Amino acid sequence: MTTKSVLLRVLSLSLFALISSQLFGQEGMRLHYNKPATAWTEALPLGNGRLGAMVFGGVEREHLQFNEETLWAGKPHDYSHENASEYLDEIRLLLSNGKQLEAQKLAGRVFMSEPIGQKPYQPFGDLYLDFPGHENFSNYSRELDISKALSKVSYEIGDVKYERTVFSSFPDQALVLHLTGSQSKSLSFTLWLDALHEDKSITTEKDTQQLVVNVKDGALTGVASLKIVTDGVLEKKDGRLVVSEASMATVYLVAATNYVNFEDVSADPNERVAAYLSPLNSKKYEEILSSHLADYGNLYDRFSIDLGAKGKEQITTDVRIYDFWKQPEDPELVALYVQYARYLLISSSRPGTLPPTLQGIWNDNLTPPWLSGYTTNINLEMNYWHAEMANLAELQEPLFGMIADLSISGAKVAEKHYGADGWVAHHNVDIWRGAAPVNASHHGIWVTGGAWLTTHIWDHYRFSLNEDFLREYYPLMRDAALFFSEFLYEDQATGYLISSPSNSPEIGGLVAGPTMDHQIIRALFNQTIDAAKILATDEEFAAELTAMIPRIAPNQIGKHGQLQEWMEDKDDPEVHHRHVSHLWGMHPGNEINYEDTPELMEAAKQSLEFRGDNGTGWSLAWKINFWARFQDGNRSYKLLHSLLSPAEEPLRKNDGGSYPNLFDAHPPFQIDGNFGGAAGILEMIVQSHLDKIELLPALPDALPEGKIRGIRARGGFELDITWSNGQLTELIVYSKAGEDLKIQYQDAKVIIPTVKGGEYAFDGMLKSK
Ligand code: FUC
């Protein structure tokens with residue numbers, strides 16, 4: 001093609017894209033209810049990456065339970081165990097001699113994190129508003145508009161309509177609650193802050209209130225400050241703020257702690273809070289709202305998904321989940337689930353913040369399940385599975401920041417536990433970046449948590465092909481690989497290089513050579529070699545890794561036709577454990593696939609059949625992804641059916657499901673299933689883990705119609721896809737990096753060169769349009 005014809009083509013396609021983008025629907029992207037929340041998992045989440053709230057939407061009493069992501073128990077601390085490495089050989093020897101219990105006992109005594117447990121994420125506080133005389137109301141509605149990140153409550157009392165809008169603004173770093181009554185002087189309420197923390201103090205001034213909490217067992221202090229702007233009368237009464245005779249009031253809540261980073265807690269939360277609050281004095285509510293909408297829209301609007309509607313939008317979300325359980329024919333709910341996962345990531349992971357914990361940034365419990373921490377043997381990674389495909393790539397930045405922290409704390413663990421260079425992280429991390437093995441040796445000693453995390457760096461590069469990014473983060477990959485190049489050792493029985501001691505999460509106890517570790521280490525070595533080549537660096541080290549890869553214990557097929565989870569052929573087909581770690585090499589990894597290793601693919605499928613279709617929320621979500629990679633969309637959809645069924649329905653036999661607010665249930669609430677489930681839905685539609693883009697590789701019968709705009713694929717591509725009657729009808733590819741485009745749809749394959757910024761349109765047969 002000549003430059004001129006490329007230009008013409010780009011121009012005409014831009015016009016086409018403009019028109020078609022207007023056709024792509026985004027309606028119905030809201031959660032809504034006809035009564036206030038009575039439980040936390042009915043309340044609706046808001047967040048700006050850092051400051052989160054659960055809005056209950058009560059009438060006589062409104063409750064906003066809020067969090068700030070840096071409020072944790074504990075203090076800067078090195079969890080590594082002095083001289084643990086002296087026992088490494090002995091533990092390995094016990095394991096290779098079949099003395100697992102002795103190995104676990106010894107490791108439990110000499111090899112674990114100090115102390116053995118990490119610290120929990122904390123709730124921050126509660127904002128309450130009492131509305132006297134609001135007992136008898138009508139026309140109540142409560143919603144979360146996820147296309148705007150606004151929570152709204154409205155109801156009527158007599159002739160007066162009351163409305164509340166709440167959002168957590170990223171540009172203004174404040175939680176904003178705007179209240180109106182439709183008639184003059186109709187709005188009156190009493191407002192106050194409180195907290196679950198024992199050590200708390202509350203000070204009230206004329207139009208402000210401040211809450212200070214000191215976390216028990218730790219170094220962090222949280223300060224939250226609110227101010228009220230109203231056209232009514234504002235008074236201070238009995239330590240509370242009272243608004244009366246108003247038609248509107250706006251409450252601004254800001255919060256901060258003294259946390260700077262995992263080694264430094266020297267910030268002044270009062271100063272921070274003042275700095276957030278003072279610019280608000282000169283701004284109008286409308287201004288703050290419109291910058292929130294612009295900021296949120298900038299992320300949210302890049303992607304849309306329309307799977308068709310069956311007129312169910314008017315059904316309240318709690319009932320809709322029940323309907324889906326009975327009859328999973330609500331494609332719009334599936335689309336909503338994807339957009340909700342995007343919403344939740346935008347709300348809990350912004351550049352400059354921390355990654356979402358097991359519960360995002362939403363936690364109301366001083367002793368939360370699993371500490372509301374970061375579990376790296378599936379959960380933390382799953383939180384970001386949809387990020388790249390769903391066009392929110394930069395929201396992975398907090399994860400990369402955490403990996404950078406872990407390369408520091410984990411270097412101490414590498415040295416003290418393994419006498420090795422580089423860095424290592426085990427299965428749990430807290431805000432203090434604990435990287436040593438926690439809880440118990442039989443599952444805490446699992447060495448590939450950090451290595452798995454680094455695969456997100458490589459994947460982020462594969463999606464964007466941004467070399468500057470790769471250059472910045474490559475050292476984290478290389479140093480993780482450095483650790484394993486020293487840690488792997490030759491198994492006497494087989495001659496292979498194996499990972500020991502470790503564990504196949506969280507099954508089978510402490511072992512030598514779990515399959516998952518070898519898959520992750522191979523992926524880490526391969527990505528480090530590829531990255532070193534791209535960056536023209538570390539040639540010698542890359543050669544060393546290249547030589548080691550074929551010596552690492554390979555995937556093996558066992559006597560039941562299964563993919564072996566361990567070195568020995570000892571898998572029990574009757575075990576239906578939630579973890580399916582040995583399939584890592586198939587998803588999220590890619591070394592097991594239909595092109596290169598069809599036999600291993602069959603074995604992996606057999607293993608998944610043995611594990612069965614039940615599971616906790618994240619386990620269901622992983623299985624949706626697995627079956628999509630097996631190109632069995634209907635099986636994926638079956639698991640999606642379970643994930644999108646009511647979590648609290650006793651008649652259901654499955655563990656996982658969805659709460660009324662569409663939060664994923666482990667149970668209890670764990671956000672990983674929301675993110676992993678959405679990723680699985682996108683994997684039904686586009687896959688690009690191999691060196692090509694596969695379209696509709698696992699489209700379930702239940703989703704015959706669809707339009708997706710802005711889905712991303714590896715190689716620097718963005719796609720708009722339309723299908724009808726289960727068949728591709730139209731495709732537009734936007735080339736962001738100018739790579740060759742390789743697409744496959746059923747038997748049709750296309751390979752064409754592209755230019756950076758070029759747009760390429762195809763029909764349903766992959767013929768250029
Ligand atoms: C792992 C899982 C559990 C749970 C916990 C937070 O330990 O095995 O199911 O998700 O993380």
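1. At 77% relative accessibility, D238 counts as exposed. The model is a predicted one, and in it D238 sits in the loop that runs between β14 (233–237) and β15 (240–246). Its phi is positive, at about 50 degrees, although D238 is not a glycine. That is worth noting against the background rule: most residues other than glycine have a negative phi.

2. N725 also has a positive phi of about 50 degrees without being a glycine. The loop that holds N725 lies between β29 (717–724) and β30 (727–735). N725 has a relative accessibility of 63%, which is over the 50% cut-off, and therefore counts as exposed.

3. Two cis peptide bonds should be checked by eye, starting with the one that joins S500 and P501. Its omega is about -5 degrees. P501 is in the loop between β21 (497–498) and β22 (502–504). The other cis bond runs from P667 to P668, with omega near 0 degrees. P668 belongs to the loop between β25 (664–665) and α18. As a general matter, most peptide bonds are trans.

4. Which residues surround the ligand? They are L358, W370, T375, N377, N379, E506, R578, H579, W618, H666 and Q670. Sorted by class, this shell contains three nonpolar, six polar and two charged residues.

5. Polar contacts to the ligand involve several of these side chains. A polar side-chain atom of E506 is 2.2 Å from an oxygen atom of the ligand. For H579, an N or O atom of the side chain lies 2.6 Å from a ligand oxygen. Q670 places a polar side-chain atom 3.0 Å from an oxygen atom of the ligand. The ligand taken alone exposes 290 Å², and the protein buries 98% of that area.

6. The largest pocket holds about 990 Å³ of space. It is lined by 44 residues, and those closest to its centre are D459, R462, N590, H689 and R714. Two or more lining residues come from each of α11 (449–464), α13, α16 (617–629), α18 (672–685) and β31 (741–745). Which element gives the largest share of this lining? Helix α11 does, with eight residues. By class, the lining of the largest pocket divides into 15 nonpolar, 15 polar and 14 charged residues.

7. Closed cavities are a separate matter. Rolling a probe the size of a water molecule over the atoms shows where empty space is left. The count here comes to two cavities of 30 Å³ or more.

8. The largest cavity has a volume of about 70 Å³. Its lining has 14 residues, and G47, A149, S168, H292 and Y296 lie nearest the centre of this cavity. At least two lining residues are supplied by each of β2 (44–47), β8 (160–169), α5 (285–300) and α7 (331–348). The class split for the largest cavity is seven nonpolar, five polar and two charged residues.

9. The second largest cavity has a volume of about 40 Å³. The residues that line it are G513, T515, H518, A553, P554, N555, Q556, Q564, W566 and M567. How many of the lining residues of the second largest cavity are charged? There are no charged residues in this lining, which divides into four nonpolar and six polar.

10. Helix α13 (residues 515–534) contains T528. Is T528 buried or exposed? Its relative accessible area is 1%, under the 20% cut-off, so T528 is buried. A polar atom of the T528 side chain lies 2.6 Å from the backbone oxygen of L524. In an α-helix there are 3.6 residues a turn, so residues three or four places apart point the same way.

11. Why is helix α17 (residues 633–643) described as largely enclosed by the rest of the structure? The reason is that eight of its 11 residues are buried. The buried residues of α17 are G633, R635, S636, Y637, L639, L640, S642 and L643.

Note on methods. Residues numbered from 1 in each chain as written. Predicted model: local features only at pLDDT ≥ 70, side-chain atom pairs only at ≥ 80, totals over all residues. Heavy atoms only, no water. Near = heavy atom within 4 Å. Polar contact = N/O pair within 3.5 Å; in protein donor to acceptor, adjacent residues only side chain to side chain. Areas by Shrake-Rupley, 256 points an atom, 1.4 Å probe, with all protein chains shown as cover. Nonpolar A, V, L, I, M, F, W, Y, C, P; charged D, E, K, R; others polar. 1 Å grid on protein atoms, 1.4 Å probe; cavity = no way out; pocket = protein on both sides within 12 Å on 5 of 7 lines; lining within 4 Å. Points joined across faces, edges and corners; volume = space filled by probe spheres on them. Helix = DSSP H or I, 4+ residues; strand = E, 2+ residues; numbered from the N terminus. Buried < 20%, exposed > 50% of the residue type's maximum accessible area, 1.4 Å probe, protein only.
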